[in-house]
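Dear colleague,

Please find below the structure I am handing over to you. My findings follow it, for your consideration.

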Amino acid sequence: MKNLLVLKLITAVLILSIIFSLFSCMNEDRIEVPPVKLEDVNGNYKGRLITMQGEFRAEKIVDFKIKKDTLTFPEFPIKEIVMAVVKDPVKTQNALTAMGKVKYNLRYASVLNADKNWVELNFAPKELELQIPVDGVTKKAIVTLVAKQKGYFVGLDHTLRFALAAEKITVDGTVLNPFEAIYYNFPYCIKN
């Protein structure tokens, strides 16, 4: 009889606990996202870059800077572009070593959403011109870069997301054919 009374008491406490827990969860307000300003996008970033071309996929961490209306790569990832032009892995590596770091500026216009919790970046990529040394000559490559989607700076965690693609390469005035587009996806970039 005593065991039955204790069991009923424990059951009643458990049921009341569950009811109060559910009730308190229903009354919680949404998490308030702090507002952002257009200037919050400015700064130094470290980002995860996923490069894809056909079956090829590579990941690495890259650094870039945003100031006012320009995203600047101090070292734009050109390995796949050079490989598409040169074709030979050893010659590609030699060309990359000779070329050194390639800087690229990506212009954009920004818009703050109505709730002021994220910033949309509309990119306007310019062509990337490369001088690729191979077999004693220098090939002039013009790379047509496009923004495949808008970029977003999210106020909740102050991260940036965007994507680019190299859709066409012209080498010494001739369009490289066949050429499979190179996609540069930046799914998660954080401010340093």
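Where is the place of Asp-172? In this predicted model, Asp-172 lies in the loop between S9 and S10. Its phi is positive, about 50 degrees, although the residue is not a glycine. With a relative accessibility of 49%, Asp-172 is classed as partly exposed, because that class runs up to 50%.

His-158 also deserves attention. This residue, which is not a glycine, has a positive phi of about 55 degrees. His-158 sits in the loop between strand S8 (151–154) and S9, and its relative accessibility of 33% makes it partly exposed.

Strand S9 (residues 159–171) itself supplies the largest share of the largest nonpolar core, namely 6 residues. That core has 46 residues. Those with the most contacts inside it are Phe-76, Leu-128, Leu-130, Leu-160, Phe-162, Ile-169 and Tyr-184. In soluble globular proteins, nonpolar side chains tend to be buried together.

The contacts of Ile-169 can be listed in more detail. Leaving aside residues up to four places away in sequence, Ile-169 touches Ile-81, Ala-84, Val-85, Ala-141, Ile-142, Val-143, Thr-174, Val-175, Leu-176 and Phe-179.

Finally, there is a peptide bond to note. Asn-177 and Pro-178 are joined by a cis peptide bond, with omega at about 10 degrees. Pro-178 is located in the loop between strand S10 (174–175) and strand S11 (182–191).

With kind regards

Definitions and conventions:
Residues numbered from 1 in each chain as written. Predicted model: local features only at pLDDT ≥ 70, side-chain atom pairs only at ≥ 80, totals over all residues. Heavy atoms only, no water. Core = buried A, V, L, I, M, F, W, Y, C linked by side-chain atoms within 4.5 Å. Buried < 20%, exposed > 50% of the residue type's maximum accessible area, 1.4 Å probe, protein only. Helix = DSSP H or I, 4+ residues; strand = E, 2+ residues; numbered from the N terminus. Contact = heavy atoms within 4.5 Å.
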